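Q: I have a model open on my screen and would like a close look at one part of it. Could you walk me through that part and then show me what lies around it?

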Amino acid sequence: MHVDIVPVGDVPAAVKREASSGLRSVYDCDVTVHDDRPVPNDAYDSNRDQYRAEAFIELASHVGTSGKTIAVTTEDLFYRRRNYVFGLAYLDGNGSVVSTYRLQTTTDGGLATNSNSEVFADRIRKEVIHEIGHTLGLEHCDNKRCVMNFSPTVREVDVKEQYLCGSCSRHVH
């Protein structure tokens, strides 16, 4: 399998590095990190002061060479009526997106600092692995430790492991 990481906006090198290493560690795949792309003009919703997640998936799908694509951005994303999303993927599709915007917050709502930058790095890896899992046909898992567990808050992201549970792993392999 091959995964194309498409940074959208001004994405720090450390974020690209963590996304790539997470995908390689769990899926043992080839990863290409592309040059940063500008944020799509039509993605911004001024009423919400957020960006439509689908627009980032669409942009990434035109960049990827083959296989799976994941857009990575620092922008705040939403999907339909949800207040925000850490990421979005189309089940059994090729495209996905992860936003680091809300992954930088502490569990009490503050911003993460350098002292917990490893927590931020773990969250990036988990969310990228999670969204690519959806493109491989995985749905949300009931196992709270599995990376495919639904986690709408950073606290729940932190509880998860960075790996697939046995059941999800068998489904992929």
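In which sense do strand 1 and strand 5 pair, and over how many bridges?

A: Happy to take you through it, with one note before we start: this is a predicted model. Strand 1 and strand 5 (residues 68-73) pair in the parallel sense, over 6 bridges. To find this pairing on your screen, look for Val6, whose bridge partner in strand 5 is Ala71.

Strand 1 also pairs with strand 2 (residues 30-33); these two run parallel and are joined by 4 bridges. Here a good landmark is Asp4, which has Thr32 of strand 2 as its bridge partner. As background, the strands of a sheet pair through backbone hydrogen bonds, in either a parallel or an antiparallel way. Strand 1 covers residues 2-8, and 6 of its 7 residues are buried, so the rest of the structure largely encloses it.

Now follow the chain onward from strand 1. Together with helix 1 (residues 13-27) and strand 2, strand 1 makes a β-α-β unit, and this unit is right-handed. Helix 1 is also a good place to pick up a salt bridge: Lys16 forms one with Asp36, and their closest N and O atoms are 2.8 Å apart. This pair links distant parts of the chain, since Lys16 sits in helix 1 while Asp36 lies in the loop between strand 2 and strand 3, 20 residues apart. Asp36 is partly exposed, with a relative accessible area of 31%.

The loop that holds Asp36 has another salt bridge to offer. Asp42 forms a salt bridge with Arg52, with 3.8 Å between the closest N and O atoms. This pair, too, links distant parts of the chain: Arg52 belongs to strand 4 and Asp42 to the loop between strand 2 and strand 3, 10 residues apart. Asp42 is exposed, at 54% relative accessible area, whereas Arg52 is partly exposed, at 28%.

Arg52 leads us on to another sheet. Arg52 stands opposite Phe78 in strand 6, and strand 4 (residues 50-52) runs parallel to strand 6, joined by 2 bridges. These strands belong to an open sheet of 3 strands with the order 3-4-6 and mixed pairing. Strand 3 (44-45) and strand 6 (77-78) stand at the edges with a single partner strand each, so one side of each has no neighbour in the sheet.

Let us finish with helix 3 (117-135). Within it, the side chains of Arg125 and Asp122 meet in a salt bridge of 2.0 Å, N to O. These two residues are 3 apart in helix 3, a separation of about one helical turn. Arg125 is buried, with a relative accessible area of 9%, while Asp122 counts as partly exposed at 26%. Both take part in a network of salt bridges that links Glu18, Glu118, Asp122 and Arg125. By the rule used here, the model has a count of 10 salt bridges.

Helix 3 also brings us to the largest pocket, which has a volume of about 370 Å³. Of its 19 lining residues, the closest to the centre are Arg82, Gly87, Glu131, His140 and Phe150. Helix 3 gives the largest share of the lining, 4 residues, and strand 7 (87-89) supplies at least two. By type, the lining divides into 8 nonpolar, 6 polar and 5 charged residues.

Definitions and conventions
Residues numbered from 1 in each chain as written. Predicted model: local features only at pLDDT ≥ 70, side-chain atom pairs only at ≥ 80, totals over all residues. Heavy atoms only, no water. 1 Å grid on protein atoms, 1.4 Å probe; cavity = no way out; pocket = protein on both sides within 12 Å on 5 of 7 lines; lining within 4 Å. Points joined across faces, edges and corners; volume = space filled by probe spheres on them. Nonpolar A, V, L, I, M, F, W, Y, C, P; charged D, E, K, R; others polar. Buried < 20%, exposed > 50% of the residue type's maximum accessible area, 1.4 Å probe, protein only. Pairing = 2+ DSSP bridges. Right-handed = clockwise from strand over helix to strand, strands pointing away. Salt bridge = Lys/Arg side-chain N within 4 Å of Asp/Glu carboxyl O.
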